[in-house]
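Me: I'd like a close look at one part of this protein. Take your time with it and walk me through the charges.
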Amino acid sequence: MQDQRDTEEQTSRWSRASAWFTASHWRGRTWRDLVPARARSRRFEPGPLGLLGVMLAAMAVTLLIIQHGSGGFGESGEEAGDQPAAFPGPPDGELRVMPVGDGLTQGSSGDHTWRYHLWSHLDGADVDFSFVGPHDDMYSLEEDGHGDHNYAEPDFDTAHAARWGQSVDDMADGIAESAAEHEPHYLLILAGSDDLLSGGDPDLVLEGIGETVSTARVALEDARFVIGELPRVEGTGDDTAVNERIDRFNMGLVDLAEQLSSGSSPVVIAQVSEDYAPEFDNWDEAHPNARGEVKIAAAFADALADPLEVGEPFPRPLPELSAGPRTPPDPEAEEAGDGLRISWDQVPGATDYRVEQRRTEPEPDDAAVLPLDVERDGGRRSVLVESLLSGAAYEFVVHPYKGRDAGVGSDPLEVVYDDDPPPGPDTLSVRADGTVVWDEVGSASHYEVWVRTLDCSVSDDSRRPLPSQNTGPESGRAPAGEHDQDHEAPASPPPESPSPPPPAPPEPDESPDPPGIAAEPVCEPRDGQGPGEGEGWQGQGSVGSDPLWGPTVSGPHEVVVRSYRDYVPGGYSDPVLLEA
């Protein structure tokens with residue numbers, strides 16, 4: 001009797017199991033009937049392809065139940081149920097890994113991407129693997145579209161199956177084709193941020209993730225899945241509400257992974273949100289910078305290592321990386337109009353720039369960021385710097401920014417601004433009141449006066465002889481008594497001829513000098529040389545921008561005026577004589 005009851009019980013088990021493969025058994029049922037009541041959730045509703053994947057998984061589970069019913073797992077089902085779930089190890093040969101997701105996975109211009117950091121870690125751990133997928137690009141912030149290949153470090157497997165702005169529904173729709181074409185052993189999924197940022201329901205986003213897993217299994221029944229938690233955001237304008245949705249999504253991932261995991265196709269969670277600080281690890285409100293990329297890569301590496309036995313956990317502490325664009329600008333300067341135009345090529349990934357200015361001489365000042373708008377011209381960027389002082393030396397540094405992260409600044413650009421000297425003033429003249437005036441020089445900002453005393457002396461032509469001491473007709477005769485005493489005067493002198501009349505005295509000058517005093521001196525320029533060449537010149541300092549000067553010296557001087565434009569010394573005028 002006992003043998004007959006055992007035979008009937010086994011027959012009953014086979015009858016119930018065989019009924020699962022009939023159409024009538026599944027009519028009116030849903031995928032939820034495959035999940036134990038205690039583990040059921042209303043967050044995940046797969047589509048047709050996903051349902052097929054779940055049904056295939058159910059068939060595998062059915063065979064396991066049949067085998068269990070026939071005692072194939074051991075001496076008792078109770079003992080078998082107490083064993084922990086086993087995860088399959090890596091398949092033989094090269095592992096094919098496909099990163100899947102939205103903008104967090106694809107990355108944008110100038111990024112390393114978390115794909116790079118994970119690739120570097122696995123490569124350093126001597127894992128035989130390659131990244132696979134239909135794309136190898138990033139999102140171009142410049143062109144606002146796909147196709148950018150300006151990776152911060154391009155030397156790695158850049159293949160992936162991610163798209164910037166992609167919803168989880170779009171991802172689920174395209175995953176079957178990507179999986180069938182590239183046949184990945186492991187799918188690393190980080191997606192849902194765009195859905196939640198736009199107000200999506202976390203339960204619906206979880207359903208999209210579940211649909212992606214189920215659909216991929218249609219082509220790859222033994223694929224392994226690592227699903228990443230979403231990092232929190234900062235700077236959206238509604239951070240509290242968005243982060244509440246993200247927290248609900250992350251908590252639901254745990255239940256979803258338990259529901260979808262199977263013995264040959266496990267689903268595990270990468271704990272991305274742990275220790276993630278969005279204000280420090282994002283370059284904008286939601287997308288990771290280099291620091292955030294490393295944290296995401298470390299979470300996926302840890303999940304691959306344990307429990308999936310691929311590689312090793314990511315080493316701690318995590319490396320401290322600099323954020324922002326890694327390519328420094330190479331600026332050029334050109335004088336333009338009333339200022340200086342500084343231009344450079346667009347830096348990959350830069351969303352903004354800041355230009356820092358410092359005067360180095362004369363009178364150095366502190367560096368300051370200029371409040372200027374950056375102009376765009378194709379692939380060039382530029383700013384127009386005004387209010388510079390002619391002849392001064394300046395130093396400019398251009399800093400690229402990606403969002404809130406400053407990148408590598410340019411080398412200092414040294415410029416002496418507008419050092420072409422202005423011409424000297426023309427037509428100097430002296431007014432009756434002694435004021436020196438000249439024509440205004442259009443390119444001069446102010447003027448400087450130089451003076452030099454005149455060289456004054458009395459010329460030979462202006463000197464007059466003193467009057468003679470002995471005058472008159474007798475002045476040539478010898479004094480009496482000096483003649484020969486022995487000579488006797490004639491008795492009667494010979495008759496004398498009449499003497500000519502004396503010459504007329506010269507006409508006196510109108511203003512005769514007093515006897516023995518010279519005429520006034522004559523004052524002339526010392527030489528034909530101006531300041532810097534001739535001797536004796538003295539500067540009177542700047543006289544401002546007006547083209548006139550009231551003398552501050554007395555006596556005869558020659559005056560020269562020099563033009564200036566800020567710090568640039570210009571030309572000298574011709575001298576003018578000032579008789580004060």
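Which side chain of opposite charge is nearest to R224, and how far away is it?

Reply: A word on the basis: this is a predicted model, where local features need pLDDT (the predictor's confidence in each residue, from 0 to 100) of at least 70, side-chain atom pairs count only at pLDDT 80 or more, and totals for chains, interfaces and linings use all residues. Residues are numbered from 1 along each chain as its sequence is written, and side-chain values use heavy atoms, leaving out hydrogens and water.

Now to R224, which sits in strand β7 (residues 224-228); strands here are DSSP runs of E, at least two residues, numbered from the N terminus. The nearest side chain of opposite charge is D222, 6.0 Å away. Lys and Arg count as positive, Asp and Glu as negative, while His and the chain ends are not counted. R224 is buried yet has no salt bridge. Buried means under 20% relative accessible area, exposed over 50%, partly exposed in between (1.4 Å probe, protein chains only). A salt bridge needs a side-chain nitrogen of Lys or Arg within 4 Å of a carboxyl oxygen of Asp or Glu.

What does the R224 side chain reach, then? The backbone oxygen of G89, at 2.7 Å, and also the backbone oxygen of D222, at 3.1 Å. Leaving aside neighbours within four places in sequence, R224 is in contact (heavy atoms within 4.5 Å) with residues including P88, H185, Y186 and L308.

Elsewhere, charges do pair up: R232 and D247 meet in a salt bridge at 3.3 Å, N to O. R232 is partly exposed at 36% relative accessible area, and D247 is partly exposed at 29%.

Key: Helix = DSSP H or I, 4+ residues; strand = E, 2+ residues; numbered from the N terminus. Polar contact = N/O pair within 3.5 Å; in protein donor to acceptor, adjacent residues only side chain to side chain.
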